[in-house]
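Me: Could you take a close look at one part of this protein for me, the sheet and what sits around it? I'd like to go through it strand by strand.

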Amino acid sequence: MKFSLMTDYIASGDQPNAIKELSNWMEKGVKYATLLGVTGSGKTFTMANIIQKLGRATIVISPNKTLAAQLYGEFKTLFPDNAVEYFISYYDYYQPEAYIPQSDTYIEKDASINEEIDRLRLKAMVNLLSRKDVIVIASVSCIYGLGSPIDFTEKILNLSIGDEISVRFLSEYLIDIYYSRNDIEFKRRTFRVRGDVIEIFPAYEYNAYRIEFFGEEIDKITVINPTTGESLQEIAKIGLYPVKQFVTSHNRVLNIIPLIEKELDERVRYFLERDMPLEAERIKSRTKYDLAMLKEVGYCSGIENYSRYLSGRKEGERPFTILDYFPDNYLTIIDESHITVPQVNGMFNGDRSRKETLVKFGFRLPSCLDNRPMYFEEFENKTNQAIFVSATPREFEIEKSNTHISEQIIRPTGLVDPEIVIRNKKGMIEDILNEIRIKEKKRERVLIITLTKKMSEDLTDFLLENGVKARYLHSSIESMRRVEIIRDLRLGEFDVLVGINLLREGLDLPEVSLVIILDADKSGFLRSGRTLIQIIGRTARHCAGKVIMYADEISPDMRIAIDETERRRNIQTEHNKAYGIKPESIVKSVDEIMMISQVAGYRMSEEKSIYNKDRVKGMSRIEKIEYLRDLKKKMDKAVEMLEFEEAAKIRDEIFVIRKEIMKK
């Protein structure tokens, strides 16, 4: 397998030794190893070199969506010729089904799916099945259930020029793999038929395909622009994949209905024997409705609760996940392992508790318990070989790795860990404002870490009222928007970012020279020694790096963080003296920042209209109408985001397009 690492950087400092040690351990079959690398030491570059050297399909698991997006951009830049994919939860908003017995409150499932993330997830699945040089950047959602790779593979249709197949058969097959025919609005997951020509817009691609027939034989296959219909490239063959992540046939759905009915009868009998008629009637009516929907349309709301039957698994058997799409010898890299591993470990219990309540009170059948994430033990068993990566690994990673721990303390840039200043909370807000003013004059960025969402929002409002360009970032902000905010901070669109724990692990923010930590002495998860070390690391990429902790006293956790930072400062300082290294801040161009923020870049290109007279001129009337609909959606979105100037530009474009259509 060939991975082409494209970079001008040369491994230096501790990197060559770390790359050599970790690669050798993996080649010898070591199950677990740890890369203990400080912030700014180039851990991502080390990971990339290991992947290139081993030549294996790799999954890099990140603790949150924001960091996953950053890693995705970095790996896309480092491996432009390989398949670097993005696999995170596709929900912008997710309210799981739940029941609260204390208040007799039933909460129905409610979710908002992000179409772009859904496309990227499908693309990851497709590339894992179609090529070998794949790197998947994932969040911990990678341990949640997914459709069977066997079922998904069985639905793939490979087409080549000269194949004998009719337009009708291809149309029926596309419907069977969940495409819908739409001759008016050509969008993802649809196809349209125009005589002896079928145009298909896959859910996982930017472009569409045009297949031309001569009788019942494929005569020509062309990649086309889905908006303009312009031919981009002629190709000899294509593979068409399902447009849903859960794939099953209608016959299988019909075959599992008796099994569900049998479980329903047993559950109704269970409730009646325990004098629970309300629960018996509830589970009966709800399940009967689902079965009726499955019979008629092959689908029902909450179909994932019957995933055990749909995938042919036994009771308690492990669900299929994206890990099942990888080849057997794949490599797992767990980034920021000190927080990622506990997240993976804790996923199952929270999910199980909620569903057990639903089962107990007759809202779901017991088989819904098998719609679950993997147990941690299942995750360990499924993992082939793993490298833990962290500046602060826990005892778990150290014990698992045994002696296979490679340290990466020396930064190639010569940068030392930041100076730490402790200040009293009295007069804190005015002091913060003064520090920000100093950094504004130097065109440097500031991070402020709070304890609560409310505090971050209130502080941001205060800063804005005082003329500071500031924004806040927390978990209520949808994933794609978070990436945009990080990108805009780095580009200098604003100067101060206020947040809680999203600003800790791994975020590469070399433009930040000051980190302010509020309530640093409030010991706990958000102010533990390990957490404080991670927060301090956010400004370790700037030669003027400084951390201000506001506290009434120095807590034991603060002392741990201060002492470890000082130890690392001394190591780097001695190295710099020995080799005559002068510390230099990491500076990245606008182009580099945009490349690293590729997920946000796509969203921006989707939402901001680019009017092209020549492109519109070549459109048919129907295509212009479709383009007009798209512009209206973008205008509404711009208004929603309060981007009124952009909305006005799109409005003007809409007027021009309307005139073009009226001419016809």
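Reply: Two strands count as paired here if DSSP finds at least two bridges between them. By that rule, strand S9 (residues 157-160) and S16 pair, in the antiparallel sense and over four bridges. One more thing up front: this is a predicted model, so read everything below as computed from that prediction.

Let's stay with that S9 and S16 pair for a moment. Serine 160 stands opposite lysine 237 in S16. Strand S16 (residues 237-240) has two faces: Ile238 and Leu240 make up the covered one, while Lys237 and Gly239 are on the uncovered one. That puts the lysine that faces serine 160 on the uncovered face of S16.

Now the sheet itself. Six strands make an open sheet with mixed pairing, and the order is S10-S11-S12-S13-S14-S15. Its edges are strand S10 (180-181) and strand S15 (231-235); each has a single partner strand, so one side of each is left without a neighbour in the sheet.

Going inward, strand S11 (residues 190-194) pairs with strand S12 (residues 197-201), antiparallel, over five bridges. Valine 193 has isoleucine 198 in S12 as its bridge partner. Isoleucine 198 also has a partner in S13, namely isoleucine 211. If you want a line to follow across the sheet by eye, try valine 193 to isoleucine 198 and on to isoleucine 211.

S12 and S13 run antiparallel, with four bridges joining them, and a hairpin of six residues connects the two. S13 is the strand to check for burial: five of its six residues are buried, so S13 is largely enclosed by the rest of the structure. On its other pairing, S13 is joined to S14 by six bridges, again antiparallel. Arginine 210 stands opposite threonine 222 in S14 there.

The S13 and S14 hairpin has four residues between the strands, and glycine 215 in that hairpin takes a positive phi near 70°. Glutamate 217 is in the loop between strand S13 (208-213) and strand S14 (218-224). With a relative accessible area of 36%, glutamate 217 is partly exposed. Glu217 also belongs to a surface patch of negative charge, where it gathers with Glu164, Glu216 and Asp219. Residues need over 30% relative accessible area and no salt bridge to be in a patch, and at 36% glutamate 217 clears the area part of that.

Next, how is the sheet region tied to other parts of the chain? Look at arginine 189 and aspartate 118, whose side chains meet in a salt bridge (1.9 Å, N to O). Arginine 189 is in the loop between S10 and S11 and aspartate 118 is in helix H4 (residues 115-130), so to speak a link between distant parts of the chain, 71 residues apart. The two ends are covered to unlike degrees: arginine 189 is partly exposed at 21% relative accessibility, whereas aspartate 118 is buried at 7%. As background, side chains of opposite charge can pair when their charged atoms come close. The whole structure holds 44 salt bridges.

Beyond the sheet, a few other spots may be worth a look while you have the model open. Glutamate 380 and lysine 400 form a salt bridge (2.9 Å, N to O). That pair also links distant parts of the chain, from helix H11 (residues 376-382) to helix H12, 20 residues apart. Glutamate 380 is buried at 16% relative accessible area, and lysine 400 is partly exposed at 32%. Arginine 394 and glutamate 397 make a salt bridge too, with their closest N and O atoms 3.3 Å apart; glutamate 397 counts as buried, at 0% relative accessibility. There is also a network, with Glu97, Arg286, Asp290 and Arg364 joined by salt bridges that share partners.

Last, two backbone oddities. Asparagine 402 has a phi near 60°, a positive value in a residue other than glycine. You'll find asparagine 402 in the loop between helix H12 (395-401) and strand S19 (405-408), exposed at 54% relative accessible area. Aspartate 519 isn't a glycine either, yet its phi is positive, about 50°. Aspartate 519 is in the loop between strand S24 (512-517) and helix H16 (529-536), and at 15% relative accessibility it counts as buried.

Methods. Residues are numbered from 1 along each chain as its sequence is written. This is a predicted model: local features need pLDDT of at least 70, side-chain atom pairs count only at pLDDT 80 or more; totals for chains, interfaces and linings use all residues. Side-chain values use heavy atoms; hydrogens and water are left out. Patches are made of residues with over 30% relative accessible area and no salt bridge: like charges are joined within 9 Å, nonpolar side chains (Val, Leu, Ile, Met, Phe, Trp, Tyr) within 5 Å. Accessible areas come from the Shrake-Rupley method with a 1.4 Å probe; for residues, only the protein chains shown count as cover. A salt bridge is a side-chain nitrogen of Lys or Arg within 4 Å of a carboxyl oxygen of Asp or Glu. Lys and Arg count as positive and Asp and Glu as negative; His and the chain ends are not counted. The place of a charge is taken as NZ of Lys, CZ of Arg, CG of Asp or CD of Glu. Buried means under 20% relative accessible area, exposed over 50%, partly exposed in between (1.4 Å probe, protein chains only).
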